[in-house]
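Trainee: Before I look at the whole, I would like a close look at a single part, set carefully against everything around it. Could you choose one and take me through it at length?

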Amino acid sequence: MSAPVAIVTGGSRGIGAAIAEKLATDGFDIAITYARNAEAARNIVSKIEAAGRKALAVQSDSGNVTDNAALVQKVVDKFGRLDALVCNAGAYPYGGPDTITTEDISRTLDLNMRGVMVESIHAARAMQSGGRIILIGSAFGERVPMPGISIYSATKAGLVGFAKGLSRDLGPKGITVNVVQPGPIDTELNPADGPAGDALRSVLAIPKYGEVADVADLVSFLASDRSSYITGAALSVDGGLTA
Ligand code: NDP
């Protein structure tokens with residue numbers, strides 16, 4: 001039988017790259033998407049292949065509805081099946097009512113919400129029983145401890161509602177849908193030594209940034225057979241930001 005296949009959007013850097021590498025070691029063949037940085041994507045493909053798994057890098061803008069629809073088809077054409085979708089690509093607009101623009105709002109909704117919805121629906125149609133849809137939300141979807149992130153927080157909170165609803169649609173088919181909500185994780189998007197570092201550490205129960213592996217380990221469990229009775233859930237890996 002062929003190996004299970006996972007898509008990880010935004011899998012070329014940061015949290016998504018760690019998830020892609022972890023799922024490869026779990027035995028999945030992997031398709032990653034990226035937006036601009038083809039070299040970073042090639043690097044992750046090499047690592048997946050070094051782990052003995054097949055890999056595909058697809059330049060696919062998760063904020064573009066045409067790309068969203070084509071992605072699953074490309075992966076099924078290449079690998080012949082789809083078992084897990086990890087919607088990880090996301091934008092982090094920063095700003096309050098005085099600075100945020102309508103374009104910021106539209107771009108964030110397209111990438112963080114509509115793209116996730118369209119990719120998930122196409123994936124659900126391609127999956128068999130045992131399929132896994134995992135959405136990377138944020139602790140800021142549940143608790144907003146500082147100003148400037150209203151649009152981001154709204155989109156991440158919206159993913160929880162979407163996952164709950166889709167879990168009801170797909171439960172009878174044996175497909176689960178869950179949200180993973182990271183707290184501050186040290187990546188290029190949110191470096192531990194960046195300007196927000198101290199403020200974020202001050203609202204954590206464990207006052208330090210998490211590592212990308214902290215998120216990848218939880219996704220690995222959710223993608224496995226062992227998680228088959230977990231669906232419609234929002235699971236935190238946030239150092240206690242929401243405690
Ligand atoms: P990074 O900025 O480090 O990595 C982003 C990845 O997404 C890259 O692979 C990038 O590719 C890709 N990407 C960016 N835009 C698009 C797009 N339009 N379509 C497809 N791929 C895209 O982000 P993180 O790893 O930090 O974050 C990943 C997810 O985790 C996001 O959804 C974020 O909201 C969430 N999150 C992160 C937290 C953190 O503290 N880091 C905390 C909570 C949630 P390329 O290199 O080509 O641009």
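Mentor: I will begin with the model as a whole, then turn to one helix and the places that surround it.

What you see is a predicted model, in which local features need a pLDDT of at least 70 and side-chain atom pairs count only at pLDDT 80 or more, while totals for chains, interfaces and linings use all residues. Residues are numbered from 1 along each chain as its sequence is written. The chain averages a pLDDT of 98, with 100% of the residues scoring at least 70, where pLDDT is the predictor's confidence in each residue on a scale from 0 to 100. For the complex, the predictor gives an ipTM of 0.99 and a pTM of 0.98.

The chain holds 7 helices and 7 strands, taken as DSSP runs numbered from the N terminus (H or I for helices, at least four residues; E for strands, at least two). Read from the N terminus on, these elements run β-α-β-α-β-α-β-α-β-α-β-α-α-β. A compact globule of 243 residues would have a radius of gyration near 18 Å, and the chain agrees with this at 17 Å; the radius is taken over C-alpha atoms, and the rule is 2.2 Å times the number of residues to the power 0.38. Along the principal axes, the C-alpha atoms fill a box of roughly 50 × 35 × 35 Å.

The part I have chosen is α1, residues 14-25. Its 12 residues reach 17 Å from first C-alpha to last, close to the expected 16 Å, the expected span being 1.5 Å times one less than the number of residues. In α1, 10 of the 12 residues are buried, so the helix is largely enclosed by the rest of the structure. Here a residue is buried if 20 or more other C-beta atoms lie within 10 Å of its own, exposed if 12 or fewer, and partly exposed in between, with C-beta atoms placed from the backbone. The buried residues of α1 are Ile 15, Gly 16, Ala 17, Ala 18, Ile 19, Ala 20, Glu 21, Lys 22, Leu 23 and Ala 24. After the helix comes Gly 27, with a positive phi near 110°.

The helix also takes part in the surroundings of the ligand, where 31 residues are found and Gly 10, Gly 14, Gly 90, Thr 187 and Leu 189 come nearest; a residue is near if its C-beta atom, placed from the backbone, lies within 6 Å. Two elements, α1 and β2 (29-34), give two or more residues to this shell, and the largest share, 3 residues, comes from α1. By class the shell has 12 nonpolar, 15 polar and 4 charged residues, where Ala, Val, Leu, Ile, Met, Phe, Trp, Tyr, Cys and Pro count as nonpolar, Asp, Glu, Lys and Arg as charged, and the others, Gly among them, as polar.

On the side of its protein neighbours, α1 is among the elements against which the buried residues of α7 pack, together with β1 (5-8), β4 (84-87), β5 (132-136), β6 (176-182) and β7 (234-237). The buried residues of α7 are Val 212, Val 215, Ala 216, Leu 218, Val 219, Ser 220, Leu 222 and Ala 223. The 12 residues of α7 (212-223) should span 16 Å at 1.5 Å a residue, and the end C-alpha atoms, 16 Å apart, agree with that.

Two strand residues show how α7 is met from elsewhere. Ala 84, in strand β4, counts as buried with 27 C-beta neighbours inside 10 Å, and its contacts beyond four places in sequence are Pro 4, Ala 6, Phe 28, Arg 132, Ile 134 and Ala 223, contact meaning C-beta atoms, placed from the backbone, within 7 Å. Asn 178, in strand β6, is buried too, with 25 other C-beta atoms within 10 Å, and touches, among others, Ile 134, Leu 222 and Thr 231. Thr 231 itself sits in the loop between α7 and β7, and the C-alpha atoms of Thr 231 and Leu 170, 61 residues apart in sequence, are 9.5 Å apart.

Such links across the sequence suit the chain as a whole, where 73% of contacts between residues at least 6 apart in sequence join residues at least 24 apart.

Terms used: Contact = placed C-beta atoms within 7 Å.
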